Amino acid sequence: MTDLVAVLEDWYDGNCDGDWEHGWGVRISTLDNPGWSIEINLKETALQGKAFDRVQEHRKGDDWVRCWVEADVFKGRGGPKNLGDILRIFTSWRGA
């Protein structure tokens, strides 16, 4: 199984050029319903402008995931145990 955090780390590190990381980057935080929120800025990366098909899955209770791209930002939201699902969707989309 792919180490999803390592893939995100590699993607982030690969875009750090002394400038990009000062204006853009990655934010991972929690939601109060509860859950996860991820925002990955795609500006000035190879993923800027890449088509993304919105993902919306509600399995049951707190098991849900929503991912989309808006204004060159990959956005993912999910339940408290769905952080890996969001990272997997991003990783799969970027072609890792």
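1. Asp10 counts as exposed in this predicted model, its relative accessibility being 57%, and because the cut-off for that class is over 50%, the assignment follows directly from the computed value. The residue belongs to helix H1, which spans residues 4–15. On the surface, Asp10 takes part in a patch of negative charge whose other members are Asp3, Glu9 and Asp13. For a reader with the structure open, helix H1 is therefore a convenient place to begin, since Asp10 is found there and is exposed.

2. The loop between S2 and S3 deserves a careful look, and Thr45 is one of the residues placed in it; the flanking strands are S2, covering 35–41, and S3, covering 55–60. Is Thr45 buried or exposed? With a relative accessible area of 11%, Thr45 is buried, because that value falls under the 20% limit used for the buried class. Leaving aside residues up to four places away in sequence, Thr45 is in contact with Trp11, Asn15 and Trp20.

3. Glu44 lies in the loop between S2 and S3 as well, but its accessibility is of another kind, for Glu44 counts as exposed at 53% relative accessibility. The backbone of Glu44 also merits a check by eye, as its phi is positive, at about 60°, although the residue is not a glycine.

4. Arg54 is a further residue of the loop between S2 and S3, and with a relative accessible area of 54% Arg54 is exposed, because the value is over the 50% cut-off. Which residues does Arg54 touch, when those up to four places away in sequence are not counted? The contacts are with Cys67 and Trp68. In addition, the C-alpha atoms of Arg54 and Gly76 are separated by 10.0 Å, the two residues being 22 residues apart along the chain.

5. Asp72 is placed in the loop between strand S4, which runs over 63–70, and strand S5, which runs over 73–78. Its phi is near 60°, a positive value in a residue other than glycine, and this backbone angle can be inspected together with that of Glu44, whose phi is positive at about 60°. In accessibility, Asp72 counts as partly exposed at 22%, because a value between the 20% and 50% limits is assigned to that class.

How values were computed. Residues are numbered from 1 along each chain as its sequence is written. This is a predicted model: local features need pLDDT of at least 70, side-chain atom pairs count only at pLDDT 80 or more; totals for chains, interfaces and linings use all residues. Side-chain values use heavy atoms; hydrogens and water are left out. Helices (H or I, at least four residues) and strands (E, at least two) are DSSP runs, numbered from the N terminus. Buried means under 20% relative accessible area, exposed over 50%, partly exposed in between (1.4 Å probe, protein chains only). Contact means heavy atoms within 4.5 Å. Patches are made of residues with over 30% relative accessible area and no salt bridge: like charges are joined within 9 Å, nonpolar side chains (Val, Leu, Ile, Met, Phe, Trp, Tyr) within 5 Å. Accessible areas come from the Shrake-Rupley method with a 1.4 Å probe; for residues, only the protein chains shown count as cover. A salt bridge is a side-chain nitrogen of Lys or Arg within 4 Å of a carboxyl oxygen of Asp or Glu. Lys and Arg count as positive and Asp and Glu as negative; His and the chain ends are not counted. The place of a charge is taken as NZ of Lys, CZ of Arg, CG of Asp or CD of Glu.
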